[in-house]
Amino acid sequence: MEAPAPENGSLDSGSTAALAAQLFAQKPEAELLYLAQNAARFPPAVGAAAVAELRRRGLLPDPAQPSLPPPDTSHETWPELLGQLVKGLFIPSRRFLATPILLDLNLLIFALMVLSGVSASEPTSRELVEWGSNVSGRTLHGEPWRLVSSLFVHAGLTHLLMNMFSLWLLGLLVEDRVGPLRLALVYLASGVGGSLASLWWHSQGVNSVGASGAIFGLYGFLLALLVSKKLVLNKSDRRAMLGLVVYLVLSNLLSGLTGNIDNAAHLGGLLTGLLVAGPLALAGLKRNDG
């Protein structure tokens with residue numbers, strides 16, 4: 001979640017492939033390795049992009065050596081792969097329902113903001129307030145709906161894309177196991193928890209927007225799933241994913257110590273997903289002792 005501040009710039013409006021490469025170029029090595037090793041769990045383009053970025057960094061052995069084989073794309077072209085990726089991202093299906101809907105809502109709100117004249121890179125504080133940001137003097141003084149609306153408002157294109165990439169990745173990891181209703185409820189409850197934590201911490205006032213409080217709640221939910229052994233993984237994969245999630249949470253929190261980042265919302269969302277909404281949502285799920 002981010003409080004309004006002048007953005008350093010927006011992402012280039014190049015091709016979808018270039019945008020995907022740019023997003024993966026910002027991912028840490030641990031996350032890229034996990035995506036490459038578990039390519040079968042994701043759309044083919046995800047594993048291919050992770051492998052391509054690892055090769056670009058010189059971290060992947062020669063393909064001829066027995067190591068991390070890239071997904072079999074011999075019968076699919078890049079446009080076809082990208083088409084499958086976009087379809088899986090934005091079109092709800094039986095397997096993934098909540099994640100595409102949440103992505104679409106965030107993108108729709110941002111598109112409407114831009115079409116109304118709001119800057120795509122540097123929206124003003126006043127514009128964010130008009131579109132539903134979390135504001136100290138208004139949220140708990142007659143406008144409680146801002147606790148939810150602020151989750152779908154973003155302070156620029158870069159802010160939006162980074163949050164949506166995280167939401168997409170977490171949705172792929174979690175929704176297929178827990179179902180769309182549980183994921184949506186944890187997402188919204190964690191977002192509200194993050195918004196309340198932001199208002200409590202920033203006693204001098206805050207004007208905050210973004211989905212990252214809700215996204216941190218999904219990190220907490222994923223941790224709860226792993227610790228409770230209700231995610232189907234063997235012991236080695238479970239330890240690896242636990243390490244990855246902890247690393248991502250800590251790295252995001254540390255990056256939030258600088259700049260105009262609302263870490264109070266991040267922590268509030270994380271704790272809500274880990275200790276409140278997540279455990280409640282786990283009720284009824286069977287334990288897996290893999």
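**Helix packing and aromatic pairs in the predicted model**

With a relative accessibility of 67%, Trp-200 counts as exposed, and Trp-201 likewise counts as exposed, at 57%. These values, like those that follow, come from a predicted model. The rings of Trp-200 and Trp-201 form an aromatic pair with a centre-to-centre distance of 6.1 Å and an angle of 50 degrees between the planes, a geometry classed as tilted. In total, the structure holds 3 aromatic pairs. A further one of these joins Phe-165 and Trp-168, whose ring centres are 5.6 Å apart and whose planes stand at 65 degrees; because planes over 60 degrees apart count as edge-to-face, the pair Phe-165 and Trp-168 is assigned to that class. Both Phe-165 and Trp-168 belong to helix α9, which spans residues 157-178, and they are separated there by 3 residues, about one turn of the helix. Phe-165 is buried, its relative accessible area being 7%, and Trp-168 is also buried, with a relative accessible area of 7%.

As to the overall architecture, the protein comprises 13 helices and 2 strands. Of its 290 residues, 49% are buried. Among the contacts with a separation of 6 or more, 74% are accounted for by residues 24 or more positions apart.

Trp-201 takes part in a helix-helix contact as well as in the tilted pair, and this contact brings together helices α10 and α13. The axes of helix α10 (residues 180-201) and helix α13 (residues 263-281) come within 7 Å of each other and cross at roughly 140 degrees, so that α10 is oblique to α13. The crossing in which α10 passes α13 is right-handed. On the α10 side the contact is made by Arg-182, Val-186, Ala-189, Ser-190, Gly-193, Gly-194, Ala-197, Ser-198 and Trp-201, while α13 provides Ala-264, Ala-265, Gly-268, Gly-269, Thr-272, Gly-273, Ala-277, Gly-278 and Ala-281. By residue class, the contact of α10 with α13 divides into 8 nonpolar, 9 polar and 1 charged, with Gly counted among the polar residues.

Helix α9, which carries the edge-to-face pair of Phe-165 and Trp-168, packs against helix α11 (residues 212-227), the two axes coming within 10 Å and crossing at roughly 35 degrees. In this case α9 passes α11 in a left-handed crossing. The residues of α9 that make the contact are Asn-163, Ser-166, Leu-167, Leu-170, Leu-173, Val-174 and Val-178, and those of α11 are Ser-212, Ile-215, Leu-218, Tyr-219, Phe-221, Leu-222 and Leu-225. The contact of α9 with α11 is made up of 11 nonpolar and 3 polar residues, with no charged residue. Towards the start of the residue range of α9, His-159 also lies in this helix. His-159 is buried, with a relative accessible area of 8%, and its C-alpha atom is 7.7 Å from that of Gly-210, although His-159 and Gly-210 are 51 residues apart in sequence.

Helix α11 is in turn in contact with helix α12 (residues 235-255), and the axes of α11 and α12 come within 10 Å and cross at roughly 155 degrees. At this angle, α11 is roughly antiparallel to α12, since angles over 145 degrees count as such. The crossing of α11 and α12 is left-handed. From α11 the contact involves Phe-216, Tyr-219, Leu-222, Leu-223, Leu-225, Leu-226 and Val-227, and from α12 it involves Arg-238, Met-241, Leu-242, Val-245, Val-246, Leu-248, Val-249, Asn-252 and Leu-253. The residues in the contact of α11 with α12 comprise 14 nonpolar, 1 polar and 1 charged. Tyr-219, Leu-222 and Leu-225 of α11 appear in the contact with α9 and also in the contact with α12.

A further association between separate parts of the chain is found at Ala-98, which lies in helix α5 (residues 98-115). Ala-98 counts as buried, at 7% relative accessibility. When its neighbours within four places in sequence are left aside, Ala-98 is in contact with Glu-175, Pro-180, Leu-183 and Ala-184. For Leu-183, the separation from Ala-98 is 85 residues in sequence but 7.0 Å in space, taken from C-alpha to C-alpha.

Terms used
Residues are numbered from 1 along each chain as its sequence is written. This is a predicted model: local features need pLDDT of at least 70, side-chain atom pairs count only at pLDDT 80 or more; totals for chains, interfaces and linings use all residues. Side-chain values use heavy atoms; hydrogens and water are left out. Rings of Phe, Tyr and Trp (its six-membered ring) pair if their centres lie within 6.5 Å; planes under 30 degrees apart count as stacked, over 60 as edge-to-face and the rest as tilted. Helices (H or I, at least four residues) and strands (E, at least two) are DSSP runs, numbered from the N terminus. Buried means under 20% relative accessible area, exposed over 50%, partly exposed in between (1.4 Å probe, protein chains only). Axes are lines fitted to C-alpha atoms, for helices over the stretch in contact, and angles run from 0 to 180 degrees between N-to-C directions. Angles under 35 degrees count as roughly parallel, over 145 as roughly antiparallel, 65 to 115 as roughly perpendicular and the rest as oblique. A crossing is left-handed if the near helix is turned anticlockwise from the far one by less than a right angle, and right-handed if clockwise. Contact means heavy atoms within 4.5 Å.
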